[in-house]
There are 2 protein chains.
Amino acid sequence: MHALIVLAHPSPLSFNAALAGMAAAGCEQAGHQVRVTDLYAERFEARLDRDDMGGNAPEGYFNVGREQARAWRKGTLAADIAAQIEHLRWAELVILQFPLWWYGPPAILKGWMDRVFLPGFSYGSENWFETGGLAGKKAMLSITSSVTDEPYMSDGRFGELDVTLWPLHVSLRYVGFDVLAPFITFDVESSDQGRRAIVDRLRHRMAGIASERPLFFHRHEEFGADHRLLPGIKGRTVAQRGTGRQRSKGQS
Amino acid sequence: MHALIVLAHPSPLSFNAALAGMAAAGCEQAGHQVRVTDLYAERFEARLDRDDMGGNAPEGYFNVGREQARAWRKGTLAADIAAQIEHLRWAELVILQFPLWWYGPPAILKGWMDRVFLPGFSYGSENWFETGGLAGKKAMLSITSSVTDEPYMSDGRFGELDVTLWPLHVSLRYVGFDVLAPFITFDVESSDQGRRAIVDRLRHRMAGIASERPLFFHRHEEFGADHRLLPGIKGRTVAQRGTGRQRSKGQS
């Protein structure tokens, strides 16, 4: 398998960098080919902007998705975006390694999504979710947090971690990935012993990653044309707890 | 009231820019003082990095929060961060105006959070949530989406919008804000008539914003030292649906 590890931490000596290295080693030991892309080291631009499109976007108003798709078709995308697209085409497994900052990815990684997951390449009008541009590939979040797991429980101060991760997971699914369960490192500033246990756990996980079952997402045939679950189908994700056809009055 | 509008869209002729302008006009009409900070126009840096700390962070490993706090104390923060901190100290109401990209804020706005919500200024070991550094101020998300509201229902393809917004809302609460209900513009590419209705709705909202009740969050006294809800307290947010003391076996 081809594994791409995307690292988003400003310090090359961070535990995140160490985890990226261990994931790479674990994948290689399991017989996979590995690439690591270190967004900070590569000075990847975070801000989606007109420059992404190679000077083709109009000076005044421009529709972001339309200009991204046009630049993709014409081959005028910025070089840092084109390089990441090449990585993603090569990859069969993508691991995003980052610290959880404000309940989300560092801006540089959010920008990677904003700029690289572009229409034409990663999705289209009929190509999304299980038919997305990256369908058939797997993705996994590998996250560090400075706190223990308790605040992230369903009765915890920060709320259930699966809720916090929903925007990322549904984004990965939108472009077609099979999303694997996240690898979470809580209490990252713990002892060296604690860190060694984490590294062992990651190495073990990598050894069996090719045969893991992905997380559940509802499929196209479960939704109506209104993008709501069909009658009688009960939502089964943290963000979909409703049942199809809970319409407001006056709607059929 | 002092209102700060933070705009995050790359096109100065976007509907987001128009909404920021209308929110500003609405606030002024209601007798408030207004500042608009246009992150793209100001070329605000999105990537939290060593440069933020004015050259004080060690070259090798550095702890992000610790270095941010040190630079804050020493007054060596990067100029773009210091300017935003000055805005936030002045503001009593903060409106974040942005398009929803990949179920979250554009990277430039995520970077604004990563870089500006720093320890010492916006939170400390005892200063978080209702005792956060920005306590007493109000914040509101104003979001545009290219789709209708249906995919964002609890039986919708994208999942409940409140789940998607949880990471942002809990971040704002973490630093002390009273979080107002978001202002959502669905189907942003609709007709001119649709857009006029949205602008009217926003202006009306701004007229009464000073007296709005904020969203509910659990308070310090409802949590134990383990950051979980106390026995018998039922979670009341989208991310907290558990009841205190749902401990696993073997725990008291």
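A residue is called buried when its relative accessible area is under 20%, exposed when it is over 50%, and partly exposed in between (1.4 Å probe, protein chains only). By that yardstick, His227(A) counts as partly exposed, at 24% relative accessibility. This is a predicted model, in which local features need pLDDT of at least 70 and side-chain atom pairs count only at pLDDT 80 or more, while totals for chains, interfaces and linings use all residues. Residues are numbered from 1 along each chain as its sequence is written, chains are lettered from A in the order in which they are written, and side-chain values use heavy atoms, with hydrogens and water left out.

Back to His227(A): its phi is positive, about 65°, although the residue is not a glycine. His227(A) sits in the segment after α6 (192-207) of chain A; helices here are DSSP runs of H or I with at least four residues, strands are E runs of at least two, and both are numbered from the N terminus. Tyr103(A) is another non-glycine residue with a positive phi, near 60°. Tyr103(A) is found in the loop between β3 (93-99) and α4 (107-116) of chain A, and counts as buried at 6% relative accessibility.

Now for how the chains meet. Contact (heavy atoms within 4.5 Å) involves 70 residues from chain B and 70 residues from chain A. About 6100 Å² is buried between the two chains, with carbon and sulfur atoms giving 56% of it; buried area is the accessible area (1.4 Å probe) lost when two parts are put together, summed over both. On the chain B side, Arg47(B), Trp102(B) and Arg157(B) lose the most area to chain A, together 17% of what that side buries.

Arg47(B) also forms a salt bridge with Glu45(A), the closest N and O atoms being 3.9 Å apart. Four salt bridges are found across this interface, the rule being a side-chain nitrogen of Lys or Arg within 4 Å of a carboxyl oxygen of Asp or Glu. The elements giving two or more residues to the chain B side are α2 (64-74), α4 (107-116) and α5 (161-174) of chain B. The largest share, seven residues, comes from α5(B).

As for symmetry, a turn of 180° and a shift of 0.0 Å along the axis lay chain B on chain A with an RMSD of 0.0 Å, superposed by least squares on the C-alpha atoms of residues with pLDDT of at least 70 in both. The two copies are thus related as by a two-fold rotation axis. In chain B, the C-alpha nearest that axis belongs to Ala107(B), 2.4 Å away.
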